[in-house]
Amino acid sequence: PNSRILRAIFLAYFRYIVPAVAGLFSNGDAYRYFNRSVENFPYGDGFIEMIESAGFVRCEMRHFTLGAGALYIGYKPE
């Protein structure tokens with residue numbers, strides 16, 4: 001999320017609560033790995049630049065869930 005307060009809440013939930021609850025039903029380590037991979041994924045303009053350098057055009061990003069999720073869109077040139 002873009003808001004500092006919402007980001008802090010989301011990261012606490014994502015880093016600590018989700019793995020703890022998941023650990024009750026499955027392997028919590030997998031959720032800790034998932035969290036780290038999500039947090040290290042390129043974001044925003046950095047990822048847009050990557051997909052543009054791969055040849056896509058008219059690239060954009062759309063935010064969802066107050067910025068906790070994003071959809072990247074790029075079109076293959078004709």
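Two aromatic rings of Phe, Tyr or Trp count as a pair if their centres lie within 6.5 Å. By that rule, this predicted model comes to four aromatic pairs. Here's a quick tour of those rings, the nonpolar core, and a couple of residues with unusual backbone angles.

**Aromatic rings**
- A pair of rings is described by how far apart the centres are and by the angle of the planes.
- F10 and F14 are a stacked pair, because their planes sit at 15° and anything under 30 degrees counts as stacked; their centres are 5.4 Å apart.
- Both residues belong to helix 1 (residues 4–25), and being four residues apart there puts about one helical turn between F10 and F14.
- Buried or exposed? F14 is buried, with a relative accessible area of 11%, while F10 is partly exposed at 27%.
- F47 and Y72 pair up edge-to-face, with 4.7 Å from centre to centre and 70° between the planes.
- That pair ties together distant parts of the chain: F47 is in helix 3 and Y72 is in strand 2, 25 residues apart.
- F10 and F14 also join F34 in one aromatic cluster.

**The nonpolar core**
- Which residues make up the largest nonpolar core? There are five: F47, I48, I51, C59 and Y72.
- Helix 3 (residues 45–53) gives the most to this core, chipping in three residues.
- F47 has a relative accessible area of 16%, so it counts as buried, the cut-off being under 20%.
- Leaving aside residues up to four places away in sequence, C59 touches I48, I51, E52, I73 and G74.

**A buried asparagine**
- N35 is located in helix 2 (residues 28–40).
- At just 6% relative accessibility, N35 counts as buried.
- What does N35 touch, not counting residues up to four places away in sequence? Its contacts are F14 and R15.

**Positive phi angles**
- Most residues other than glycine have a negative phi.
- R58 goes the other way, with a phi near 50°, and this residue is found in strand 1 (residues 57–64).
- R58 counts as exposed because its relative accessibility is 59%, and the cut-off is over 50%.
- The charged end of R58 sits over the ring of Y75, 4.1 Å from the ring's centre.
- T65 isn't a glycine either, yet it has a positive phi of about 50°.
- Where is T65? Look in the loop between strand 1 and strand 2 (69–75).
- T65 counts as exposed, at 64% relative accessibility.

Notes. Residues are numbered from 1 along each chain as its sequence is written. This is a predicted model: local features need pLDDT of at least 70, side-chain atom pairs count only at pLDDT 80 or more; totals for chains, interfaces and linings use all residues. Side-chain values use heavy atoms; hydrogens and water are left out. Helices (H or I, at least four residues) and strands (E, at least two) are DSSP runs, numbered from the N terminus. Buried means under 20% relative accessible area, exposed over 50%, partly exposed in between (1.4 Å probe, protein chains only). A nonpolar core is a set of buried Ala, Val, Leu, Ile, Met, Phe, Trp, Tyr and Cys residues joined through side-chain atoms within 4.5 Å. Contact means heavy atoms within 4.5 Å. Rings of Phe, Tyr and Trp (its six-membered ring) pair if their centres lie within 6.5 Å; planes under 30 degrees apart count as stacked, over 60 as edge-to-face and the rest as tilted. A charge sits over a ring if NZ of Lys or CZ of Arg is within 6 Å of the ring centre and within 35 degrees of the ring normal.
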